[in-house]
Amino acid sequence: MEEGFGRNSVPPPGSIDKSKILDIKPIRCLIPVFSKNPQAPYSGEYPAGFSPFFPFGGPQETSTTGVKPRGRAMPTPIRSFRSPVGEDEDLNGNDGYSHKRNAPPNTSRVKLQKIKPNHNFHADLSGLVGIGAAQKNDGNREVVNIVLMSFDALRRRLSQLVDANDVDMGMFKRTDLKAGNICMSKGIRTNATKRIGSVPGVEIGDIFFFRMEMCVVGLHAQSMGGIDAIKSDHENETLAVSIVSSGEYDDDEAEDGDVLIYTGQGENFNKKEKHLSDQKLHRGNLALDRSSRQHNEVRVIRGIKDTTSVGSKIYVYDGLYKIQDSWAEKAKSGGGGGLFKYKLIRVPGQPSAFSVWRSIQKWKSGILARSGLILPDLSSGAESIPVSLVNEIDNVKSPAFFTYFQSLRHPKSFSLTQPSHGCSCSAKKACIPGDLDCSCIQRNEGDFPYIIHGVLVSRKPLVHECGPTCKCYPNCKNRVSQSGLKHQMEVFKTKDKGWGLRSWDPIRAGAFICEYAGEVIDKARLTQLIQEGDADEYVFDTTRVYESFKWNYEPKLLDEVRTNESSEDYAMPHPLIINAKNVGNVARFMNHSCSPNVFWQPVLYEENNQSFLHVAFFALRHIPPMQELTYDYGADRSDNAEGSSAHKGRKRCFCGSVKCRGSFT
């Protein structure tokens, strides 16, 4: 035994006869594992249908000079990874999609106030969100979006209740695990049928802020494990179908972003994150070994550090890979543990995904110059985060001249039906979720409208934010839409839609994007502009007709008792028309889409003892970096008038959506 390798591990090449190995016994999931008896000798042949692990493809005599063996091996379940506080817990009773964990005792149980006990926890409620029976096993893009939006809407609502101490989470410390457990048990899921290769409705480049999101859409069925496997028809073997590379081991990427060196399944780490025990050829490692021989495609999900949340990751689906090579080596971090290594090569011809993130990191660090860059900051310092101007399409140097302005010019105040005054919270007692003494929370139907990261919980008829009249401090969490951009934006030239807008940063569902800034005008002025032919897509009119859609959580999933269920229909206290042609911000560059990823929300706050209405944009769903930001422009009311002819000013739509209406006004 050399260099700290133990008996139940991968020894140095040539030190033992690899045709002899520990006995294999079946477990309930039918995935073969090695005996856990530490005293078991290296004796006994492989049972029928199982092959030994040979780093060089077969037994060979080698020296003990540290030469790395090269063979076939497999990855690791993430339960052995070190993760953020609370992430070592898993769900119970999750239809085999996760390992059962022993939840710690609940030491701070909060009395239920808004959610009653769920007496029929496993009732199928998938019909509430529009998921058919067949779509649970085989989905499509629309169903995947429905499932993800339903999951995150539920998670946001749970987070809102936890912030206000209005819900008992039981054994769950995290709202994402609780939301995932509810979705799984109530049938709000899709692609439950495991498969090798692509997952219907999940696209390369899709991002996930929670591992449970990957479970509910069938991309990766292990809520904690790093390797997911399936029983194949070939010799009754298990094959790997997906892996999550979270960087907790010695995973690294080669200079070529289409190559991943993946570390196999490990067991034991000390507090200094050093690998202690040798990895074993069982479970995920065994499935990967077989996949390397069968050459089946393996889905790869890359875990990237979330710079906005300490200890968290963002998961990017990077497409299909195949295992080209595998070997065993000693852990670089020390401690004597032996590791399996796997070289995965990305299948050619797939859209870019992880490589986009690598490029952005180089742009931000200055290692790589942004190609097509015209201006490093279109806002000329008006925004705290620069807005780059890029054209990689043609020789046009800039959009038509306009003055960059962050908010509304010439806003008009109005009186509400009930007198409105700022809240009396102070810097020592800021606006706190659950504090019904706060007048701003009272106006929001008793709920704090935002959770961590400034994420909007639900669409409301009107969101009331704290304003200059309020006594709480300027960075109060209820002033989300007033603090400017939160993500690094890029105005870019599109192929067929003029200029567009996208973000270098990933955007969470419900995250604030920007306000629609510009000059406030009235209906008479708009009519005049139309007659003069000077009105175009730079006008935002809240009186237009917008497609309705479901974004909020479904209260029945929580058996929540609410006497005044919030409507998603906007209740505009005053018409608001904004002209951003001459004065505006990045919002003026957002193009129309019939299947948008952004929606608008009316927001009201006090300024100088007067009420002012604003239009704020939020992410409809998770938006990957460099994906164009779009919203539905709506339709002129004359287009919906009975017997009216087609509007002369209609424009051809190039959104490319399967739901494209062909044109818009």
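This dialogue goes through cavities, a sheet and cysteines in a predicted model.

Q: How many cavities of 30 Å³ or more are there, and how is such empty space found?

A: Rolling a probe the size of a water molecule over the atoms shows where empty space is left. In this structure the count comes to six cavities of 30 Å³ or more, and the second largest cavity holds about 70 Å³ of space.

Q: Which residues line the second largest cavity, and how do they divide into nonpolar, polar and charged?

A: The lining is made up of Leu408, Pro411, Lys412 and Phe414, together with Val520, His574, Pro575, Leu576, Phe612 and Leu613. By residue class, this lining has eight nonpolar members, one polar and one charged.

Q: What is the strand order in the open sheet of four strands, and which are the edge strands?

A: The order reads E11-E12-E18-E19, and the pairing is mixed. Strand E11 (373-375) and strand E19 (499-503) are the edge strands, since each pairs on one side only, while the twist from one strand to the next averages 35°. Strand E18, covering residues 489-493, pairs with E19 in the antiparallel sense over five bridges, and within this pairing Val491 has Leu501 of E19 as its bridge partner.

Q: How many disulfides does the structure hold, and why does Cys655 not form a bond with the closest cysteine sulfur?

A: A disulfide is a covalent bond between the sulfur atoms of two cysteines. The structure holds zero disulfides. The closest cysteine sulfur to that of Cys655 belongs to Cys653 and lies 3.5 Å away, which is too far for a bond, because a disulfide requires sulfur atoms within 2.5 Å.

Q: Are Cys655 and Cys215 buried or exposed?

A: Cys655 is buried, with a relative accessible area of 19%, the cut-off for buried being under 20%. Cys215 also counts as buried, at 1% relative accessibility.

Terms used. Residues are numbered from 1 along each chain as its sequence is written. This is a predicted model: local features need pLDDT of at least 70, side-chain atom pairs count only at pLDDT 80 or more; totals for chains, interfaces and linings use all residues. Side-chain values use heavy atoms; hydrogens and water are left out. On a 1 Å grid over the protein atoms alone, a cavity is a set of points where a 1.4 Å probe fits but cannot get out, and a pocket is an open set with protein on both sides within 12 Å along at least five of seven lines; lining residues have an atom within 4 Å of a point. Grid points are joined across faces, edges and corners, and a volume is the space filled by probe spheres set on the points. Ala, Val, Leu, Ile, Met, Phe, Trp, Tyr, Cys and Pro count as nonpolar, Asp, Glu, Lys and Arg as charged, and the others, Gly among them, as polar. Two strands pair if DSSP finds at least two bridges between them. Helices (H or I, at least four residues) and strands (E, at least two) are DSSP runs, numbered from the N terminus. Axes are lines fitted to C-alpha atoms, for helices over the stretch in contact, and angles run from 0 to 180 degrees between N-to-C directions. Buried means under 20% relative accessible area, exposed over 50%, partly exposed in between (1.4 Å probe, protein chains only).
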